[in-house]
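Reader: Could you take me on a close look at a single part of this model and how it sits in its surroundings? I'd enjoy one connected account, with the cut-offs spelled out as you go.

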Amino acid sequence: MSRRGTAEEKTAKSNPIYRNRLVNMLVNPIRGVTPDIAVKTRRLGGSTHQVPIEIGSTQGKALAIRWLLGASRKRPGRNMVFKLSSKLVDAAKGSGDAIRKKE
């Protein structure tokens, strides 16, 4: 018998904007795809260098959504709902084209 007691059951919190748990569960896997830094080209002297720059949260989310949609469009099949849902499941697991693009 445990001294600490029983573990509480975890439930997904609702989204503060839409007040919906499903929306929050949909948005959270995008965080795994969201990039932290991007590479921009800078011209120093006569040569061009790739310089890493931090990305803001809004721009990072936009890139993550764009990568998920692009990866789901490449997937074979007719139904976009099925393709997008499978890409979100892949993103939650940490695999797939969108995760590779982030790295």
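Author: Happily; what follows begins with the chain as a whole and then turns to one residue and its surroundings.

A word on the ground rules: this is a predicted model, in which local features need pLDDT of at least 70 and side-chain atom pairs count only at pLDDT 80 or more, while totals for chains, interfaces and linings use all residues. Residues are numbered from 1 along each chain as its sequence is written, and side-chain values use heavy atoms, leaving out hydrogens and water.

The chain has five helices and two strands; these elements are DSSP runs numbered from the N terminus, with helices being H or I of at least four residues and strands E of at least two. Read from the N terminus, their order is α-α-β-β-α-α-α. Of the 103 residues in the chain, 23% are buried, where buried means under 20% relative accessible area, exposed means over 50%, and partly exposed is what lies in between (1.4 Å probe, protein chains only). About 8,700 Å² of the chain is exposed, and 53% of that comes from carbon and sulfur atoms; the areas come from the Shrake-Rupley method with a 1.4 Å probe, and for residues, only the protein chains shown count as cover. Among contacts in the chain with a separation of 6 or more, 34% join residues 24 or more positions apart, a contact being heavy atoms within 4.5 Å.

Now for the close look, which I'd like to centre on S72. You will find S72 in helix α3, which covers residues 57-74. S72 counts as buried because its relative accessibility is 0%. The side chain of S72 reaches the backbone oxygen of L69, at 2.9 Å. That fits the definition of a polar contact: a pair of N or O atoms within 3.5 Å, where within protein one must be able to donate a hydrogen and the other to accept it, and residues adjacent in sequence count only if both atoms are side-chain atoms. Setting aside residues up to four places away in sequence, S72 touches M80, K83, L84 and K87.

These partners lead us to the packing of two helices. Helix α4 (residues 80-93) packs against α3 at an angle of about 120°, and their axes are 9 Å apart. That makes α3 oblique to α4. The axes are lines fitted to C-alpha atoms, for helices over the stretch in contact, and angles run from 0 to 180 degrees between N-to-C directions. Under 35 degrees counts as roughly parallel, over 145 as roughly antiparallel, 65 to 115 as roughly perpendicular, and the rest as oblique. The crossing of α3 and α4 is right-handed; a crossing has that hand if the near helix is turned clockwise from the far one by less than a right angle, and is left-handed if anticlockwise. On the α3 side, L68, L69, A71, S72 and R73 meet M80, K83, L84, K87, L88 and A91 of α4.

Let's visit some of these residues in turn. L84 sits in helix α4 and is partly exposed, at 28% relative accessible area. Apart from neighbours within four places in sequence, L84 is in contact with L68, L69 and S72. The C-alpha atoms of L84 and L68 are 7.5 Å apart in space, although 16 residues separate them in sequence.

K83 is also a residue of helix α4, and its 9% relative accessibility counts as buried. Leaving out neighbours within four places, K83 is in contact with S72, R73, R75, P76 and G77.

Back in helix α3 we meet L68, which is buried at 4% relative accessible area. Its C-alpha atom is 6.7 Å from that of K87, 19 residues away along the chain. Beyond its neighbours within four places, L68 is in contact with I30, V33, L84, K87, L88, A91 and A98.

Finally, return to helix α4 for K93. K93 is exposed, with a relative accessible area of 67%. From C-alpha to C-alpha, K93 and G32 are 9.2 Å apart in space and 61 residues apart in sequence.
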